[in-house]
Amino acid sequence: MIRKISTKALEVGMFVSDVGRTWLNHPWKTKSRLLTERSEIEELIAFGIEEVYIDTSKSIKPAKEQSKPKYSPLTDKSQPVNRQQQVKKSEPVEPTVAMETEFPKAAKAYSKALDTSKALVAACRMNKRIELNEVQEDVNELVESVSRNRDALTALIKLRHFDDYTYTHSLNVSVLSISAGKTLGLTNDELKILGLGTMFHDLGKLRIPDNILNKPGKLTDEEFAIMRNHAALSAEILTEQNLNVNDQVIKVARSHHERIDGSGYPDHLQGDQIPPLATICGLSDVYDALTSDRVYHKGMLPHDALKFIYSLRGTHFQPDWVDRFVQSVGIYPPGSVVELNTGHRAVVMEVNNRSLLTPLIKVVADPHGQLYQRTKLVDLSKPSESQGWSISRVVPPSEAGFEPSDFFSFQPE
Ligand SMILES: [Fe+2]
Ligand SMILES: [Fe+2]
């Protein structure tokens, strides 16, 4: 829905559809954009623009509280046309366990699953049997951790940046997918299937020649065609292994690169033909690929990656799914370093699904960058705690002046 509002009432997360001026008279290259920083609003105000048009359907500001969906991607085949749209309604996920308690448990589950991910790659490289029980056990632990406190594992993804992408990617996609699935209201059984499928989603890459897989430059059309085979190869490996898994596990692997406009691969599925769990895997896959540091380039900041994913809304992914994914990851994911309107620096501890712009933060440095001896936890959504503080920008980790993971080191149990 298009609405005209005062520039002063704009907020980060709103989608400006038209600044109402010709390009000569406004500061942006295009008339529309998703607002991700306060400075963009200030630019408009500085230009003397008093009113703009916003598109509420494209804004990623959190929707008002909605009722819980009755949605099952595995069993609900009665209304295939509406299946993806049913995801629209979801409920904020409240943690049942505090971050302090969950973080060490999540760290243990993550490193155990990382070992399994390495063993999985080794087994496939040598054409050996996949130890399904071990992967299942690890995935179950991930699902349980996410069920207790969704943000502990997602914070770990953000904070760990020293492991090899080959092993971490599948695990990170699994964690992000389970977390998004939780926000979408999937049952634990569905989350376990999703977790397993995502752990296996790129196994087919092990059958792609190294010179193509690790090529630093742009792939030729021919190389790209070979690369695109990996999704079908992942499904092939799982079928060859004759694993006793739900069909959906194999579908996640085969269809994670399918896109609603039919531009994906390997089957050029369109719209609702794409299995819902494969869509969640696809979104997490793009997000992790964009935000991960690789040998040849630094990863994007989460909000830049979300902006990119947002640009695929309606062409590659169903708009509602993109919205829910953003709601799950958060505009400021746990582990992000942010600067407040006062210049203080803080680390994001937990996402607030009801209000993405006001997460739970730990204020760690004063406006001069001096670290505090005693840090302070502040829930920005509670006026009594926030004292007028708001997030003004995301600080890249290299500019933070401290290691954000230090502020997640809680006392061992
Ligand atoms: Fe892939
Ligand atoms: Fe992937």
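Student: Is the crossing of α5 and α6 left-handed or right-handed?

Tutor: The crossing of α5 and α6 is right-handed. A crossing gets that name if the near helix is turned clockwise from the far one by less than a right angle, and is left-handed if the turn is anticlockwise. Before we go on, this is a predicted model, in which local features need pLDDT of at least 70 and side-chain atom pairs count only at pLDDT 80 or more, while totals for chains, interfaces and linings use all residues. Residues are numbered from 1 along each chain as its sequence is written, and chains are lettered from A and ligands numbered from 1 in the order in which they are written.

Student: What counts as a helix or a strand here?

Tutor: Both are DSSP runs numbered from the N terminus: helices are H or I with at least four residues, strands are E with at least two. By that rule the protein has 14 helices and nine strands.

Student: What makes α5 roughly antiparallel to α6?

Tutor: Their axes come within 8 Å and cross at roughly 155°. Axes are lines fitted to C-alpha atoms, for helices over the stretch in contact, with angles from 0 to 180 degrees between N-to-C directions. Under 35 degrees counts as roughly parallel, over 145 as roughly antiparallel, 65 to 115 as roughly perpendicular and the rest as oblique. The angle is over 145, so α5 is roughly antiparallel to α6.

Student: Which residues in α5 and α6 meet?

Tutor: Among them are Val 173, Ser 177 and Gly 181 in α5, and Leu 194 and Thr 198 in α6. Two residues are in contact if their C-beta atoms, placed from the backbone, lie within 7 Å. By class, this contact has six nonpolar, six polar and two charged residues. Here Ala, Val, Leu, Ile, Met, Phe, Trp, Tyr, Cys and Pro are nonpolar, Asp, Glu, Lys and Arg are charged, and the others, Gly among them, are polar.

Student: Why are α5 and α11 called oblique to each other?

Tutor: The axes of helix α5 (residues 165-183) and α11 cross at roughly 125°, coming within 8 Å. That angle falls in none of the named ranges, so the pair is oblique. The crossing of α5 and α11 is right-handed. Residues making the contact include His 169 and Leu 176 of α5, and Ile 280 and Tyr 287 of α11.

Student: And what makes α6 oblique to α10?

Tutor: Helix α6 (residues 188-200) and helix α10 (residues 247-255) pack at about 40°, their axes 8 Å apart. Again the angle belongs to the rest, which means α6 is oblique to α10. Their contact includes Ile 193 and Phe 200 of α6, with Val 249 and Val 252 of α10. It divides into seven nonpolar, three polar and no charged residues.

Student: How do you know that α10 is largely enclosed by the rest of the structure?

Tutor: A residue is buried if 20 or more other C-beta atoms lie within 10 Å of its own, exposed if 12 or fewer, and partly exposed in between, with C-beta atoms placed from the backbone. Eight of the nine residues of α10 are buried, so the helix is largely enclosed. The buried ones include Lys 251 and Arg 254. Their cover includes α6, α9 (230-240) and α11 (276-291). Of the protein's 413 residues, 42% count as buried.

Student: Why is Asn 127 called exposed?

Tutor: Asn 127 has 9 other C-beta atoms within 10 Å, which fits 12 or fewer, so this residue is exposed. Asn 127 lies in the loop between α2 and α3 (132-148), and its phi is near 55°, a positive value in a residue other than glycine.

Student: What makes Pro 104 partly exposed?

Tutor: Pro 104 has 16 C-beta neighbours inside 10 Å, a count between the two cut-offs, so the residue is partly exposed. Pro 104 is found in helix α2 (residues 99-125).

Student: What makes a set of residues a nonpolar core?

Tutor: The set consists of buried Ala, Val, Leu, Ile, Met, Phe, Trp, Tyr and Cys residues joined through C-beta atoms within 7 Å. The largest such core has 92 residues, and Leu 142, Leu 153, Val 338 and Ile 361 have the most contacts inside it. Helix α2 gives the most to this core, with nine residues. Beyond its neighbours within four places in sequence, Leu 153 has contacts that include Ala 106, Tyr 110 and Leu 142.
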